[in-house]
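Me: I have a model on my screen and would like to know what stands behind the terms used for it. Could you take me through the reasoning?

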Amino acid sequence: MSKTVGEFVVQRLQDWGVRHLFGYPGDGINGVFGALNRAESKIDFIQARHEEMAAFMACAYAKFSGRLGVCIATSGPGASHLITGLYDALLDHQPVLAIVGQQARNALGGQYQQELDLVSMFKDVASAYVAQASSPAQVRHLIDRAARIALARRTVTALILPNDLQEEDYEDPPRAHGTLRSGVGYTPPRIIPGEAELDRAADILNAGKKVAMLVGAGALGATNEVSSVADRLSAGCAKALLGKAVVPDDLPWVTGSIGLLGTEPSYDLMMECDTLLMIGSAFPYSEFLPKEGQARGVQIDIDASMLSIRFPMEIGLVGDAAETLRALLPRLKQKSDGSWRKTIEDNVRTWWKTLQDRAHQPAKPVNPQRVTWELSPRIPDRAIITSDSGSCANWFARDLKMRPGLNASLSGGLASMGAAVPYAIAAKYAAPDRPVIALVGDGAMQMNNMAELITVTKYWSDWSDHRWIVCVFNNEDLNQVTWEQRIINADPKFEASQRIPNVSYSRFADLIGLRGIYVDDPAQLGSAWEQALASDIPVVLEVKTDPEVPLLPPHITLEQAKNFSIALAKGDPNEVGVIRGAARQLLETVLPGKEK
């Protein structure tokens with residue numbers, strides 16, 4: 001019996017190892033969905049509430065599984081809705097394939113309903129490979145190339161299928177001039193720098209007396225190697241947000257996150273080092289790296305285009321992080337002077353005490369720092385933690401302690417709102433036996449994440465481990481931007497843009513068959529987390545947090561202090577709240593007339 005093009009697409013994806021598709025149906029892609037239905041669940045389809053969320057899910061699935069993430073949508077608006085989530089995958093270097101429908105071939109060019117120039121639309125986000133099929137015999141090599149390029153280049157590709165083509169009988173390409181006969185399969189190569197480059201890098205690192213390391217997502221598979229090199233060099237190690245799970249925070253030389261959401265020990269590490277070793281990171285904020293001329297630099301990255309674009313490196317090593325570090329380690333000499341490492345460890349120890357004190361400062365009603373502080377010691381083994389962008393990312397970055405075996409991620413390069421809940425859903429398909437926790441602001445919940453709780457309701461009973469928790473920081477404020485207005489723009493809070501409605505997220509959870517827990521007393525936080533983690537159904541933990549706990553970088557510049565003072569002088573609507581409680585602890589150094 002002959003098979004349709006749609007059926008061939010499903011079979012070919014299965015041959016490529018695809019087992020999950022995230023998306024939303026529509027008549028432009030019906031031929032493939034019909035084939036999925038007839039395929040007897042060889043590939044599971046996960047129905048998101050919106051195509052953007054499906055693309056976020058495909059990106060997160062790639063992050064947490066290491067496999068190809070695939071999202072699927074209909075023509076026109078279905079295809080265009082995917083774009084934001086696909087940019088998340090592009091900027092975080094994740095292999096994602098988007099499959100979208102298109103109008104019938106005979107109608108193209110006639111301004112037909114839902115006809116968009118999809119090749120042009122996807123040309124930026126899927127610049128590595130985007131193609132529209134025009135004949136059955138062409139589909140084979142389009143799928144093979146799209147999958148292989150996405151995996152090999154760790155990027156986004158797109159395949160466009162006209163709806164009438166999906167229903168045609170599939171035929172293999174003939175053995176004739178002008179045809180292609182492609183195959184399935186991709187195995188990552190072993191990429192390691194040459195001996196001479198490794199020797200040069202080792203000479204630089206051996207000469208340094210104060211070595212700082214910065215690790216990102218590219219080092220996630222190199223935990224042991226990072227630790228061994230750090231010990232050999234007596235180095236401290238800071239983490240970009242996407243590299244939060246590279247090394248655990250119980251190691252005394254791990255300084256935590258870096259940058260605007262970073263820690264004081266990471267800032268001090270970079271400002272005082274004489275040598276920088278950067279591994280698998282595209283950390284964007286160069287002002288948090290050593291000053292040019294202060295330190296010599298060595299960088300390791302699988303992608304040569306990412307070398308020496310944040311800091312002028314003396315040598316860039318193109319290679320896999322773990323392989324390269326293993327080759328580098330025998331060339332490194334054990335540092336004998338332990339004063340640099342001791343300074344780092346003293347700073348880290350003091351910092352954790354500072355964070356503990358800040359988390360327990362009074363607030364109205366709950367200090368948001370305490371939410372993650374109380375979670376840290378209670379995180380189950382092997383848990384996956386996701387975070388949204390915004391103020392919750394600050395507490396995710398600073399207060400959440402990673403242990404061995406945990407994983408964590410968020411929208412890094414794109415820093416998009418609305419990614420945490422679809423990320424957490426995808427985590428359950430990448431690893432259904434692992435507990436999952438999402439940290440989300442109320443702005444992102446209202447924007448698009450509340451709808452995806454319905455997706456959780458639909459699927460959670462299929463997960464082997466039912467522990468799935470989304471913690472909502474309800475402060476009725478788009479808090480990150482509010483503080484940026486004050487600190488960066490010297491403007492008071494703009495109520496019209498920043499204030500958002502108060503919604504009962506926990507009651508919404510109850511309404512749709514999940515479990516809701518509400519907390520407005522900090523003393524209840526610990527027990528609330530324990531209830532949530534013990535629940536046999538997914539939980540929405542809603543915490544009423546104080547929007548006036550400040551979001552300040554680890555180092556406050558004179559310009560930021562001046563801007564904040566100006567913002568208060570202009571009459572911030574929450575001025576009294578801004579300078580009370582936990583805020584006072586940080587702002588004593590920036591308010592006029594205060595002494596350090």
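Me: Which residues touch the most other members of the largest nonpolar core?
Reply: In this predicted model, that core has 64 residues, and L86, F122, M445, L453, W468 and V470 touch the most other members. Helix α3 (residues 51-65) gives the most to the core, with 10 residues.

Me: What is F122 in contact with, leaving aside its neighbours within four places in sequence?
Reply: Its contacts include A79, I83, L86, V100 and I160. Contact asks for heavy atoms within 4.5 Å.

Me: Why is C71 not counted in a disulfide?
Reply: A disulfide needs two cysteine sulfur atoms within 2.5 Å. The closest cysteine sulfur to that of C71 is in C59, 9.7 Å away, so this is too far for a bond. For C237 the closest one is in C273, at 12 Å, again too far. The structure holds zero disulfides.

Me: And why is C237 called buried?
Reply: Buried means under 20% relative accessible area. C237 has 0%, so the term applies. C71 is also at 0% relative accessibility and therefore counts as buried.

Me: What makes β14 and β17 edge strands?
Reply: The open sheet has the order β14-β13-β15-β16-β18-β17, with parallel pairing. β14 (407-410) and β17 (515-519) each have a single partner strand, so one side of each is left without a neighbour in the sheet.

Me: How do you know that β16 pairs with β18?
Reply: Pairing takes at least two bridges, and six join β16 (residues 468-474) to β18 (residues 539-544). One of the residues involved is C471, whose bridge partner in β18 is L541.

Note on methods
Residues are numbered from 1 along each chain as its sequence is written. This is a predicted model: local features need pLDDT of at least 70, side-chain atom pairs count only at pLDDT 80 or more; totals for chains, interfaces and linings use all residues. Side-chain values use heavy atoms; hydrogens and water are left out. A nonpolar core is a set of buried Ala, Val, Leu, Ile, Met, Phe, Trp, Tyr and Cys residues joined through side-chain atoms within 4.5 Å. Buried means under 20% relative accessible area, exposed over 50%, partly exposed in between (1.4 Å probe, protein chains only). Helices (H or I, at least four residues) and strands (E, at least two) are DSSP runs, numbered from the N terminus.
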